[in-house]
Amino acid sequence: MWRGNSPGGNPGAATEGTGGDLGGQGNWGLEDAPGLLVRASLPIMPAWPSPLASSALTLLLGALTSLFLWYCYRLGSQDMQALGAGSRAGSVSGGPRGCSETGRPSPGSSGEPREGPRAEGLVSRRLRAYARRYSWAGMGRVRRAAQGGPGPGGGPGVLGIQRPGLLFLPDLPSAPFVPRDAQRHDVELLESSFPAILRDFGAVSWDFSGTTPLPRGWSPPLAPGCYQLLLYQAGRCQPSNCRRCPGAYRALRGLRSFMSANTFGNAGFSVLLPGARLEGRCGPTNARVRCHLGLKIPPGCELVVGGEPQCWAEGHCLLVDDSFLNTVAHNGSPEDGPRVVFIVDLWHPNVAGAERQALDFVFAPDP
């Protein structure tokens with residue numbers, strides 16, 4: 001057996017393993033190696049009373065759970081407060097008048113940004129609620145619009161003739177009339193549905209004399225000689241009118257870009273009697289394009305948007321950006337009969353999908 005030196009340095013003295021811990025000062029020999037290896041393989045753990053560890057872990061998990069539940073409650077209550085404020089203030093887009101002739105804001109403000117900071121603050125709160133629930137991704141333009149970025153919200157628009165009353169989405173291509181190809185699918189679908197939509201109008205039409213009470217479904221006139229029957233009003237379906245106009249309703253259901261889920265969206269028949277005129281109006285936002293399908297277009301009808309004159313044609317669609325100053329008039333004689341168009345609000349083709357989802361949330365109809 002190999003014998004190591006004793007602590008005293010005496011080479012003759014035999015030394016044995018002390019059996020102490022691995023850090024001890026005892027002497028050991030080769031015969032002690034197996035025991036030392038076994039000891040070295042054992043984990044070095046501090047003594048920890050098992051009941052105490054269990055109690056501390058339980059308290060920690062309970063605290064974290066309480067904190068998480070409190071955070072969820074606070075987040076939900078803030079969202080509901082933001083949305084509730086909108087309900088108390090009424091629709092952020094205005095009153096109940098909904099679909100209009102091109103120029104009248106929908107719903108019924110005067111076309112001027114008179115809502116001011118109140119509406120702007122409500123839009124910002126609802127947008128923050130949306131971002132907390134989903135994401136800020138792709139919300140750059142919407143965020144700038146909610147904060148009153150450059151444009152009609154904070155000054156004149158394009159040459160002072162584009163003045164949306166509520167929401168100006170920056171960096172959208174702006175023109176009074178939008179090319180048909182921008183919404184080719186929806187334009188072709190509406191034009192192919194022209195016979196069915198015209199039949200529906202014949203089923204709900206009346207003499208428009210003004211001497212009899214309004215028939216069921218027709219809205220009070222926006223101005224003398226201007227009547228409308230709405231299938232969708234401020235983002236809400238009107239079930240009774242839709243049942244009376246199955247062809248028109250079927251066409252609306254087939255559209256890809258119908259603005260049907262927020263207060264900017266309307267669809268229905270618009271009637272203008274001879275001598276009637278709607279002048280100097282702007283819509284509520286540049287995020288939509290208003291599609292006019294001509295049903296009955298007598299001579300003498302006039303449409304001017306952003307200073308550019310145009311005219312309807314029966315069976316054909318005209319795409320109008322009604323955030324531009326516009327005028328509608330029927331200068332024909334009483335014998336010519338009313339001018340009738342079917343109006344549908346579509347998304348502007350350059351509004352991205354994420355922006356549409358956010359605006360549907362922010363401007364959702366009140367429950």
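These are my notebook entries on some strands and their pairing in this structure, which is a predicted model.

**Entry 1, the open sheet.** I began with a sheet of four strands, which is open and has the order β6-β11-β8-β9. Its pairing is antiparallel. I then checked the edges: β6 (277–281) and β9 (308–310) each have a single partner strand, so one side of each is left without a neighbour in the sheet. I also looked up the twist, and neighbouring strands here are turned by 15° against each other on average, direction ignored.

**Entry 2, the β6 edge.** Which strand does β6 join through three bridges? I found β11, residues 326–330, running antiparallel to β6. To place this pairing by eye, I picked Arg 277, which stands opposite Ala 329 in β11.

**Entry 3, strand β5.** Next I turned to β5, residues 267–272. Is this strand mostly covered or mostly open? It is mostly covered, as I count six of its six residues as buried. For me, buried means under 20% relative accessible area.

**Entry 4, the partners of β5.** I looked up β3 (residues 226–233) and found that it pairs with β5 in the antiparallel sense over six bridges. A handy marker for this pairing is Leu 229, whose bridge partner in β5 is Phe 269. I then followed β5 to β12 (residues 339–347), and this pairing is antiparallel as well, over six bridges. Here my marker is Gly 268, with Ile 343 in β12 as its bridge partner.

**Side note.** I reminded myself that in a regular strand the side chains alternate between the two faces of the sheet.

How values were computed
Residues are numbered from 1 along each chain as its sequence is written. This is a predicted model: local features need pLDDT of at least 70, side-chain atom pairs count only at pLDDT 80 or more; totals for chains, interfaces and linings use all residues. Side-chain values use heavy atoms; hydrogens and water are left out. Two strands pair if DSSP finds at least two bridges between them. Axes are lines fitted to C-alpha atoms, for helices over the stretch in contact, and angles run from 0 to 180 degrees between N-to-C directions. Buried means under 20% relative accessible area, exposed over 50%, partly exposed in between (1.4 Å probe, protein chains only).
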